[in-house]
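Here is a friendly walk through a two-letter set of chains, one feature at a time. Please have the sequence and the model open as you read.

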Amino acid sequence: MNPALSHTPLGAALVSIWAKGYRVSNSSEEFQLVVPAESGGLQGLEQTVAAATWPAILDDLLRGDDRLLKDEFCLLVNQNQLIAVALAPSRDRFRRRSVVAVGAMAACDWSDAQLATHVAKTRNLALRLAQQYGEVLAANAPHLEKQLRSNRFIPERQFQVAGEETADLSLWTEIVAEIRKWRGVTGVATAGLCRTGANVLYGTADEMARVRGVLTVDGLFDSRSRSISPIGDGLTPWSLVKPEEPKTERKIPVEEQLAALRSEIKDIRTEVRDMRHEGSVLRGLVTQVREMLGPIYDFVTRKDRKGKGKG
Amino acid sequence: MPQDFADQLMEALPAGIWAELTPRDAGGMMAHEGGAVHFTARWIPGNRPSHLKCFPSRGESASATAASLVGHERLVRLRARLERLRNQRQPFVVDIFAVEELNNPPALLVAMELVTQLRDRPPDAALAHQVLEQLGTRDDQTAWIHFDICPKNTGITADNRLVLIDPDSMYQVEGPQVGISLPAFKSWRLPIVILRELQQALSSGLGLPLHLAQKKHNAEVIVLAAECCLGWSGRPLEEWVANSNASPELRTFWDKELASLLQGRVDSPLRVLDRLRKVSRSTSASAPAIAAEAPPDDSSLARATQWESLAGWRRALRLDQLRGGRLLDYKRRLLALAEANPSDKRWWQELLLVSVAYERSPVAAKQIVEAALKQHPDDAGFALERQVIEVWLA
């Protein structure tokens, strides 16, 4: 695990932000990493997202409808980390359409039964922050650039995940379950964000057919069947990688088997005899009790009859 | 509000943590020039609406009295106290999100959950039960005491919890004395008997004996509960009790309870609650707490004086509907009536309320309290008021 992230308590996430229109890490105002101000501050899977071909990604995204940005997602995973990337619309300083991308990276324990909840919350954090920062950055206050350049926009990148909502939990439960089945999954993403490092496309077979020439993916998480179908050799089921050894039974000679059967029959006979004996003991007890209660019963019923006669 | 300081804060507060920053006119003693400034904002990490209170830190050049209010040393102590309060998470204290020291401008930032102050809600008899049940003092050693309980410093959260706000007025019980560093509270909410005791104890400068701090706290809780039934009061307690126009059952109940309080006998809020429950059970739960539309009876007609003729103005003042010219107009009327009836304390008390809580002018407040003391030199309430205003003025 990355040393910095290993200090991040479970339930916390490191946040990174990409936006356009502010001179922060570079001298240009193009789409770039704005939190942290320098890419040297990125860790683990954040670096994978940073290495994506963002100009090409943005070209496609800005051709679409702003309202659909919230549905785009990317979940990258490795042995002990996950990062959820979310998008939201914004405006640059000239009021032109722009996009804010937020990554929320958290520690991940694949043996944890609550992993899907953790993923859903991390995704919710990324989406919520993208939407809020989209508005904050669109406001274009004069002091924003100064804060971004000096890393004061968010003095502490660590955010708590625990309090987040678990939106679309059933979807994330299925995605996590499917990732667990396949070896070689680097992440699952919608078409708009697949180029940030995910090799499984989330969508329909039609979408797959449309983007196949553009994207290189190893699998499709079919949004209808809710399962991953591998494409090519990139993904292999974990069960085939480590096939279980077939169980071989020791051959027992016929004589030994007969002897064992006889022994079992003998045991059963003994048990039946014991049960008969216990039954006769019980019957004896019942007879004794009946004899003891008989006089009392006769006395009570006589008294009862007399009483009724008087009445 | 010191505009420069507010502007500097808007630039200094991290925009990725505090969004939708909006200056807020919170009123109160600390909101005057040189004192605390308030904002509402959205706290992005927790995604909750919040109320930010910022105390500007005065450097070494500040006078001794100013240093006692917002000097660096006091703010360091205040920060430690507020962090302790946040870490201990008291159930009936507003959630504190952050306590931070800012460098440029030098200030102490306290961020808390945004609540609806009771003064901004109509009085509600059901709240009286909550107030008595939840806000009274407890005997445990880590208890906290609020030194200024009133409808402005009590609020209802979004999830309908009753909480005390203005956390810098909270002090922790530590042994037989409570170290009150700034004895700011609304003296007109307390009976004269208790005020005298407080004045005497505070003048020693050694803090407040625990029993007296608890007594004051509980008295304010009982008065707040009464206000929930009888209507918000800014008037002196004695007159408010005499003139209340609540439903007969509640008026009888509170007349009795407050009469006892006026004599300095402060019962446990829980015992007051037990008695209130009996009254509530005997009356219809659906009956309105305040007989606002009830026709005036003979006694109230007899009390109809010039004071009553300004009832609408008083109400508008407390609903924060008097601003600018209207506020000045009201003050002019009050001054004229105070000059015409100098022996009537009510005019002076109302004038003080206007100057302190609405005009937020320590200079004007000082003039009024001096004039009031000329007419009523032995009044403990005015004397204590002057003491507090002098600290504020400094």
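A:Leu258 is partly exposed, at a relative accessible area of 43%; buried means under 20% relative accessible area, exposed over 50%, and partly exposed in between (1.4 Å probe, protein chains only). This leucine sits in helix α9 (residues 254–310) of chain A, where helices (H or I, at least four residues) and strands (E, at least two) are DSSP runs numbered from the N terminus. Together with A:Val254 and A:Leu261, A:Leu258 makes up a nonpolar surface patch with about 280 Å² of accessible area. Patches are built from residues with over 30% relative accessible area and no salt bridge, with like charges joined within 9 Å and nonpolar side chains (Val, Leu, Ile, Met, Phe, Trp, Tyr) within 5 Å. Accessible areas follow the Shrake-Rupley method with a 1.4 Å probe, and for residues only the protein chains shown count as cover.

A word on the ground rules: this is a predicted model, in which local features need pLDDT of at least 70 and side-chain atom pairs count only at pLDDT 80 or more, while totals for chains, interfaces and linings use all residues. Residues are numbered from 1 along each chain as its sequence is written, chains are lettered from A and ligands numbered from 1 in the order in which they are written, and side-chain values use heavy atoms, with hydrogens and water left out.

**The two chains**

Chain A has 9 helices and 12 strands, and 41% of its 311 residues are buried. Its accessible surface comes to about 18200 Å², with 53% belonging to carbon and sulfur atoms. For contacts (heavy atoms within 4.5 Å), 63% of those in chain A between residues at least 6 apart in sequence join residues at least 24 apart.

Chain B has 16 helices and 12 strands, and 54% of its 394 residues count as buried. Chain B exposes about 17200 Å², of which carbon and sulfur atoms supply 51%. Among its contacts with a separation of 6 or more, 66% come from residues 24 or more positions apart.

**A pocket lined by both chains**

The second largest pocket has a volume of about 1000 Å³. Its lining counts 34 residues, and the closest to its centre are A:Pro155, B:Pro14, B:Ile17, B:Trp18 and B:Glu100. Chain A supplies at least two lining residues from each of α4 (115–139), α5 (142–149) and β6 (158–160), as chain B does from each of α1 (3–12) and β4 (96–102). Which element gives the most to this lining? β4(B) does, with 6 residues.

The search runs on a 1 Å grid over the protein atoms alone: a cavity is a set of points where a 1.4 Å probe fits but cannot get out, a pocket is an open set with protein on both sides within 12 Å along at least five of seven lines, and lining residues have an atom within 4 Å of a point. Grid points are joined across faces, edges and corners, and a volume is the space filled by probe spheres set on the points.

**Salt bridges**

Over all chains, the structure holds 36 salt bridges, each a side-chain nitrogen of Lys or Arg within 4 Å of a carboxyl oxygen of Asp or Glu. Three of chain B are listed here.

| Pair | Closest N to O |
|---|---|
| B:Glu113 and B:Arg48 | 3.2 Å |
| B:Arg119 and B:Asp120 | 3.9 Å |
| B:Arg386 and B:Glu370 | 3.3 Å |The pair of B:Arg386 and B:Glu370 links distant parts of the chain, 16 residues apart: the arginine is in helix α16 (residues 380–393) and the glutamate in helix α15 (residues 362–375). B:Arg386 is partly exposed at 29% relative accessibility, and B:Glu370 is partly exposed with a relative accessible area of 29%. Elsewhere, shared partners join B:Arg48, B:Arg89, B:Asp95, B:Glu113, B:Asp159 and B:Arg161 into one salt-bridge network.

B:Glu113 and B:Arg48 meet through their side chains at 3.2 Å. B:Glu113 lies in strand β5 (residues 107–113) and B:Arg48 in strand β3 (residues 48–56), so the pair ties together parts of chain B that are 65 residues apart in sequence. Of these partners, B:Glu113 is buried at 7% relative accessible area, whereas B:Arg48 is partly exposed at 27%.

**Backbone details**

The peptide bond from A:Val35 to A:Pro36 is cis, with omega near -5°, and A:Pro36 is in the loop between β2 (32–35) and α2 (45–50) of chain A. In chain B, the bond from B:Asn104 to B:Pro105 is cis with omega near 0°, and B:Pro105 is placed in the loop between β4 and β5.

A:Asn140, a residue other than glycine, has a positive phi near 55°; this asparagine is in the loop between α4 and α5 of chain A. Is B:Asp166 buried or exposed? B:Asp166 is buried, with a relative accessible area of 15%, and its phi is also positive, near 55°.
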